[in-house]
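Colleague: Before we discuss particular residues, may I ask that each term be set against its definition? Please show the structure as well.

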Amino acid sequence: MNVIDNFLDQINRMPMLPKVVQEVAAQLDNEDVDLKALAASINHDQVLAARVLRMSNSAYFGCSRSIKTVEDAVALIGLENVATLVVASGVTTTFTNVPGLNLQHFWVHSLVTASIARQISRDSGLDAATAYIAGLLHSVGQLPIHLVFPAAGAQVTEMCRGRSVLERKAAEQSILGIDHCQIGEMLAKMWNFPEEILCVLRHYVEPFKAGASEFAPVVYAAVYIASEFEREKTAAEIAASLDAEVMQALNWNDADALIERIEHYRIFVHEAQSYL
C-alpha cells in the first residue's frame with residue numbers, strides 16, 4: 001500500500017464530527033434553514049449547546065443581555081454566527097490527542113485565522129460563514145499526518161518552523177508524497193462540508209492557481225497575518241511583507257488603512273484563547 005492509499009484508508013478511520021455539526025456544515029450554503037429545527041438539534045447535544053452558549057456570550061458578539069438558550073443565540077447573534085460556533089465547537093473537540101502537536105496552539109491559530117478570514121470577507125462582500133469555516137479548517141489536514149505518520153509529521157513541523165504554507169506543502173510532498181491541503185479536503189468531504197469549502201482547502205496555499213475559489217486569497221491572507229501575530233510582528237511589518245498579488249485581489253491599496261485593519265485583527269487572538 002502506497003502513502004496515498006494508506007492515507008485514504010486511515011482517513012476513513014478518523015474521528016467523525018457529531019451528527020448535528022455535520023448537519024449544520026452541510027447546510028452552510030442553504031438559505032432556507034429551519035431555525036427552530038436547528039436550535040432543537042443543537043439542544044440534543046448538551047455539551048455542544050453549552051459551548052455554543054459560552055461562546056455566544058463572549059465579548060466578541062457584544063450582546064446587551066445574557067444569552068441563556070440556543071434559541072436566544074439564534075435570535076440575537078444570528079444564524080450565521082450560531083452555525084459557525086456549532087462547527088467551531090464540534091471541530092475543535094473532535095481530536096483530543098495528536099502525537100507531537102500542541103492542540104491548544106493549533107486551534108488558537110486556526111480560530112484566529114477563521115476570525116480574520118470572516119472579517120476580511122465581510123469587508124469584501126463575500127459570505128462570512130464560508131470564509132470562517134474555511135479559515136478554521138485550513139490546516140486540519142496536518143492532524144491526520146501526525147496521527148498516521150507521527151515521526152514524519154514531527155520532521156515536517158521542525159523543518160517548517162517560520163516557513164510559509166507553500167514551503168510546508170512542498171516539504172510534505174517531498175517527505176510523504178501527499179500534503180495537508182489534499183488531506184484536509186478529504187477530511188472535510190468526509191464530514192459533509194460544502195464543495196466551496198473543499199475548494200478553498202485544496203487551493204488556499206496557491207490562491208491564484210487555476211480553479212481556486214474567490215475565498216482562497218482571503219484565507220491565505222488570514223493565515224499569514226495570524227502566523228505573523230504569533231511571531232510578534234507589528235502591524236506595519238505585516239503589511240509591508242504581505243503578498244502583493246493577494247493585496248491587490250483584496251483591494252488593500254491604502255497602506256495606512258491596511259496597518260489599522262491588521263492591528264484591529266489582533267483582538268481575535270485573545271478571543272480565540274478564551275474560546276478553548
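Modeller: Let us begin with accessibility: a residue is buried under 20% relative accessible area, exposed over 50%, and partly exposed in between. Please bear in mind that this is a predicted model.

Colleague: What makes Asp123 partly exposed?

Modeller: Asp123 has a relative accessible area of 47%. Partly exposed covers the range between 20% and 50%, so Asp123 belongs there. Arg261, at 25%, is partly exposed as well.

Colleague: Why is the pair of Asp123 and Arg261 called a salt bridge?

Modeller: The closest N and O atoms of Asp123 and Arg261 are 3.0 Å apart. The cut-off is within 4 Å, and therefore the pair qualifies. Side chains of opposite charge can pair when their charged atoms come close. In the whole structure, the search finds ten salt bridges.

Colleague: What does the salt bridge between Asp123 and Arg261 tie together?

Modeller: Asp123 lies in helix H7 (residues 103-124) and Arg261 in helix H17 (residues 255-265), so the bridge links parts that are 138 residues apart in sequence.

Colleague: How do you know that Glu228 is buried or exposed?

Modeller: The relative accessibility of Glu228 is 5%. Buried means under 20%, so Glu228 is buried. Its salt-bridge partners include Arg231, at 2.3 Å from N to O, and Lys233, at 3.3 Å. Arg231 is partly exposed at 36%, and Lys233 is partly exposed at 31%. Elsewhere, salt bridges with shared partners join Lys169, Glu206 and Lys209 into one network.

Colleague: Which residues touch the most other members of the largest nonpolar core?

Modeller: They are Ile116, Leu137, Leu143, Trp191, Phe193, Trp252 and Ile262, in a core of 93 residues. H7 contributes the most to this core, with ten residues. In soluble globular proteins, nonpolar side chains tend to be buried together. Leaving aside residues up to four places away in sequence, Leu143 touches Phe95, Val98, Leu101, Leu103, Phe106 and Trp107.

Colleague: What surrounds the space in the largest pocket?

Modeller: The largest pocket holds about 790 Å³ of space. It is lined by 27 residues, of which His105, Gln142, Cys160, Arg168 and Glu230 are the closest to its centre. Helix H14 (216-230) is among the elements that give two or more residues to the lining, and H14 gives the most, with six.

Colleague: How do the lining residues of the largest pocket divide into nonpolar, polar and charged?

Modeller: Nine are nonpolar, eleven are polar and seven are charged.

Note on methods: Residues numbered from 1 in each chain as written. Predicted model: local features only at pLDDT ≥ 70, side-chain atom pairs only at ≥ 80, totals over all residues. Heavy atoms only, no water. Salt bridge = Lys/Arg side-chain N within 4 Å of Asp/Glu carboxyl O. Helix = DSSP H or I, 4+ residues; strand = E, 2+ residues; numbered from the N terminus. Buried < 20%, exposed > 50% of the residue type's maximum accessible area, 1.4 Å probe, protein only. Core = buried A, V, L, I, M, F, W, Y, C linked by side-chain atoms within 4.5 Å. Contact = heavy atoms within 4.5 Å. 1 Å grid on protein atoms, 1.4 Å probe; cavity = no way out; pocket = protein on both sides within 12 Å on 5 of 7 lines; lining within 4 Å. Points joined across faces, edges and corners; volume = space filled by probe spheres on them. Nonpolar A, V, L, I, M, F, W, Y, C, P; charged D, E, K, R; others polar.
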